[in-house]
Amino acid sequence: MDEDGLPLMGSGIDLTKVPAIQQKRTVAFLNQFVVHTVQFLNRFSTVCEEKLSDLSLRIQQIETTLNILDAKLSSIPGLDDVTFEVSPISVPNVTNESHYETTSEQSQGVPVMAIRNKMISEGLDPDLLERPDAPVPDGEKEKPVEESSDSESSFSD
């Protein structure tokens, strides 16, 4: 027995003397569960079908536009022998930028609001904390990184 007087193992009740649960009540609960589950699944499938239909329509529109562009390009004489290379575009993201990197290194164990306030005071976008792979905002890459002794100590305990 524990301090409340309840047994630690088992209920200590003789289940042969306990009356049975009413079948009507059990069937009603089960029926209600089934009805609500079916309604939810019907709504869910309807939403999914609508979204799939919208995506299918958008894909058909893109395919039509692609076919039109292909027909226009094939109508231009002399483009059969032209080849081109696609060079990958390197977009700097927040995790690779040195100014944001120092902020993320200093942020371990520091409350998020303190980091947001520090970023605002340094002129950085605090919403980038939720999107670390976001591209660096325009003009941020060219700014020189100014580090002072007080910026490092502001995150310390």
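The legends below accompany several views of one predicted model.

**View 1. The whole chain, a predicted model built from helices.** The secondary structure of this chain comes to four helices and zero strands, and, when the chain is followed from the N terminus, its elements run α-α-α-α. Of the 157 residues in the chain, 13% are buried, while the chain as a whole exposes about 13800 Å², of which carbon and sulfur atoms supply 58%. Among the contacts in the chain with a separation of 6 or more, 58% join residues that lie 24 or more positions apart.

**View 2. A nonpolar surface patch around Phe33.** Four residues, L30, F33, V34 and V38, make a nonpolar patch of about 380 Å² on the surface. One of these residues, F33, is found in helix α1, which covers residues 23-74. F33 counts as exposed because its relative accessibility is 55%, and the cut-off for that word is over 50%.

**View 3. Confidence in helices α1 and α4.** Across the chain the mean pLDDT is 75, and 64% of the residues reach 70 or more. Confidence is highest in α1, where the mean is 94, and lowest in helix α4, residues 149-153, where the mean is 49.

**View 4. The segment of residues 140-149.** Over residues 140-149 the pLDDT stays under 50, and for this segment the model has 13 contacts beyond four places in sequence. Residue 149, at the end of this segment, also begins helix α4, the helix in which confidence is lowest.

Note on methods: Residues are numbered from 1 along each chain as its sequence is written. This is a predicted model: local features need pLDDT of at least 70, side-chain atom pairs count only at pLDDT 80 or more; totals for chains, interfaces and linings use all residues. Side-chain values use heavy atoms; hydrogens and water are left out. Patches are made of residues with over 30% relative accessible area and no salt bridge: like charges are joined within 9 Å, nonpolar side chains (Val, Leu, Ile, Met, Phe, Trp, Tyr) within 5 Å. Accessible areas come from the Shrake-Rupley method with a 1.4 Å probe; for residues, only the protein chains shown count as cover. A salt bridge is a side-chain nitrogen of Lys or Arg within 4 Å of a carboxyl oxygen of Asp or Glu. Helices (H or I, at least four residues) and strands (E, at least two) are DSSP runs, numbered from the N terminus. Buried means under 20% relative accessible area, exposed over 50%, partly exposed in between (1.4 Å probe, protein chains only). Contact means heavy atoms within 4.5 Å. pLDDT is the predictor's confidence in each residue, from 0 to 100.
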